[in-house]
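Here are my notes after a look through this one, with helices, charges and rings taken in turn. Keep the viewer open as you read.

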Amino acid sequence: MAERHGDPFTGQHRGGHKAGGHPYAAQIGYSPLADPEFFTNADIRNYCEKARTEFLKLSFELSMAAEVLQAVLKEVPDPTGRPFGAGARARRVARHLKRTATEARDAAKNAARTYAAFQREFDPELSATSRTRPRRARRRFDFGA
């Protein structure tokens, strides 16, 4: 059997895959957050806001999927004939997806907390070293002139 994996770091491939190496390269390389660039305060804020937004969307999607999954599985008859057995089994399965939704919501909170922590920890240093525009000399109003 031929080796099918290439080097994910160099992009070289072996074994009949298109250039790009890995058969799932398009899926592995995709990130809704894009590449992180942390050169300015605004870069950090924008990245954290984007992460928060994406995790919130994912949380809502997972929560709705858990509800749908539970509703679908509840309709499958219980093999032992217990009256509420199907509902209990459906809840046990959907519980994991609900937990994933909760953790995605927590990740959104932590993304927002990251920027708040950055401001708390680094704002005093950055505001002290940032350049300020020189003040213009104010003209004084002179009543005697």
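1. Before anything else, bear in mind that this is a predicted model. Numbering starts from 1 along the chain.

2. I'd begin with Glu67, which counts as partly exposed at 44% relative accessibility. Its salt-bridge partner is Lys98, with 3.7 Å between the closest N and O atoms. This pair ties together distant parts of the chain, since Glu67 belongs to helix 2 while Lys98 sits in helix 3 (residues 85-129), 31 residues away. Lys98 is partly exposed too, with a relative accessible area of 32%.

3. Helix 2 runs over residues 41-74, and its length checks out. At 1.5 Å a residue, its 34 residues should span 50 Å, and the C-alpha atoms at the ends are 49 Å apart, which agrees. If you want to see which residues of helix 2 are buried, colour Ile44, Cys48, Ala51, Glu54, Ser59, Leu62, Ala66 and Gln70.

4. Glu54 deserves a second look, as a carboxylate on that buried list. Its relative accessibility is 18%, and the cut-off for buried is under 20%, so Glu54 qualifies. What does its side chain meet? A salt bridge joins Glu54 to Lys50, at 3.4 Å from N to O. The two are 4 residues apart in helix 2, or about one helical turn. An α-helix has 3.6 residues a turn, so residues three or four places apart point the same way. Lys50, for its part, is partly exposed, with a relative accessible area of 36%.

5. Another charged pair to check is Asp78 with Arg82, a salt bridge whose closest N and O atoms are 3.4 Å apart. Here the acid is buried, Asp78 having 12% relative accessibility, whereas Arg82 is partly exposed at 48%. Elsewhere, shared partners join the salt bridges of Lys50, Glu54 and Lys57 into one network. The overall count comes to 7 salt bridges.

6. Now the rings. How many aromatic pairs does the structure hold? There are 3. One of them is Phe38 with Tyr47: the ring centres are 5.3 Å apart and the planes stand at 90°, so this pair is edge-to-face. Both partners are partly exposed, Phe38 with a relative accessible area of 46% and Tyr47 with 23%.

7. Tyr115 and Phe118 make a tilted pair, 5.9 Å centre to centre with 35° between the planes. Are these residues buried or exposed? Tyr115 and Phe118 are both buried. They lie in helix 3, 3 residues apart, about one turn of the helix. Follow the ring pairs on and you reach Phe122, which is linked with Tyr115 and Phe118 into a cluster.

8. Last, have a look at Phe55, which also has its place in helix 2. Which residues does Phe55 touch, leaving aside those up to four places away in sequence? The contacts are Ala104, Ala107 and Ala108. With Ala104, the C-alpha atoms are separated by 5.5 Å, although the two residues are 49 apart along the chain. Phe55 counts as partly exposed, at 30% relative accessibility.

Note on methods
This is a predicted model: local features need pLDDT of at least 70, side-chain atom pairs count only at pLDDT 80 or more; totals for chains, interfaces and linings use all residues. Side-chain values use heavy atoms; hydrogens and water are left out. A salt bridge is a side-chain nitrogen of Lys or Arg within 4 Å of a carboxyl oxygen of Asp or Glu. Buried means under 20% relative accessible area, exposed over 50%, partly exposed in between (1.4 Å probe, protein chains only). Rings of Phe, Tyr and Trp (its six-membered ring) pair if their centres lie within 6.5 Å; planes under 30 degrees apart count as stacked, over 60 as edge-to-face and the rest as tilted. The expected span of a helix is 1.5 Å times one less than its number of residues. Contact means heavy atoms within 4.5 Å.
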